[in-house]
Amino acid sequence: MEKMDKAKTALGEKIRSARKNAGLTQAQLAEKLFVSRQAITKWEAGKGMPDLENLRQLSSLLHISIDSLLDGGQAIDLSVTRARIDLDDYTYTRSIKGRWNKKAGKKDMAVAEKYPNAEIRALLGRQIPSKGEKIADAVIGYLTSAPFGIPEFLNGIKNAEKEFYLVSQAGKQFLVIVTDEWIESRQLAEKITEREFSIGNYSFVDCGIIRIP
């Protein structure tokens, strides 16, 4: 346990130093990584640790190799958080507001298979436009009288194939994103209890527990 704590502390110090060298605040780094600012705070304080996918993104964003980040931290246990899926392996169809959605149902089954006996809640996710996108939207709207926000509309198209889930299992919570090809899980640094919440540059609404017969 002591070795693990020292490894987390060393990793946290390297993340903090690399972040500052990159000229980023904790909030800015959190937005780029699609995690909460509190998660960054815990990593840097040695009270939590990023998963493998976040380490890869940290390496790219902060221009520091994963080997350098983990030097002396072999005691840290990292699990792969992304896996390829084939939706043709699933058959469940979900009813959404009276309409049957076969693809969403198949993604429900993929999550249930990965997290058996867990509480799985469907989320409605929306990408929050950045400050620059909001300014661009205002300019475009002023010049063209567009009936919708251009950046928000494009973000909606980009995220159309994604289904979002909040999974609770064995005292841990995971934000799970399922696309047509991948299932990606991120353990949350703090427990979500609100019906509406934000993580990184996404806002979510809890749509209730999914029950697959």
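## Close-up views of a predicted model

**View 1. Surroundings of V167.** In this predicted model, V167 touches V111, Y115, A118, E119, I120, K172, Q173, F174 and V176, leaving out residues up to four places away in sequence.

**View 2. The largest nonpolar core.** This core has 16 residues, and V167 is one of those that touch the most other members, together with V111, Y115, Y165, V176 and V178. Two or more residues come from each of helix α6 (102–114) and the strands β4 (119–127), β5 (163–169) and β6 (172–178). Strand β6 gives the largest share, three residues. In soluble globular proteins, nonpolar side chains tend to be buried together.

**View 3. A second core.** Separate from the core described above, a second core holds 15 residues. Among them are A30, L33, A39 and L55.

**View 4. E44 in helix α3.** Helix α3 spans residues 37–44 and contains E44. E44 counts as buried because its relative accessibility is 4%, which falls under the 20% limit. Its side chain makes a polar contact of 2.9 Å with the side chain of Q26. Q26 also appears among the residues in contact with E44, which are G12, E13, I15, R16, R19 and Q26 when neighbours within four places in sequence are set aside.

**View 5. D108 in helix α6.** D108 belongs to helix α6, an element that also gives residues to the largest nonpolar core. The relative accessible area of D108 is 2%, so this residue is buried. D108 and E163 are separated by 55 residues in sequence, and their C-alpha atoms lie 8.4 Å apart in space.

Technical notes:
Residues numbered from 1 in each chain as written. Predicted model: local features only at pLDDT ≥ 70, side-chain atom pairs only at ≥ 80, totals over all residues. Heavy atoms only, no water. Core = buried A, V, L, I, M, F, W, Y, C linked by side-chain atoms within 4.5 Å. Buried < 20%, exposed > 50% of the residue type's maximum accessible area, 1.4 Å probe, protein only. Helix = DSSP H or I, 4+ residues; strand = E, 2+ residues; numbered from the N terminus. Contact = heavy atoms within 4.5 Å. Polar contact = N/O pair within 3.5 Å; in protein donor to acceptor, adjacent residues only side chain to side chain.
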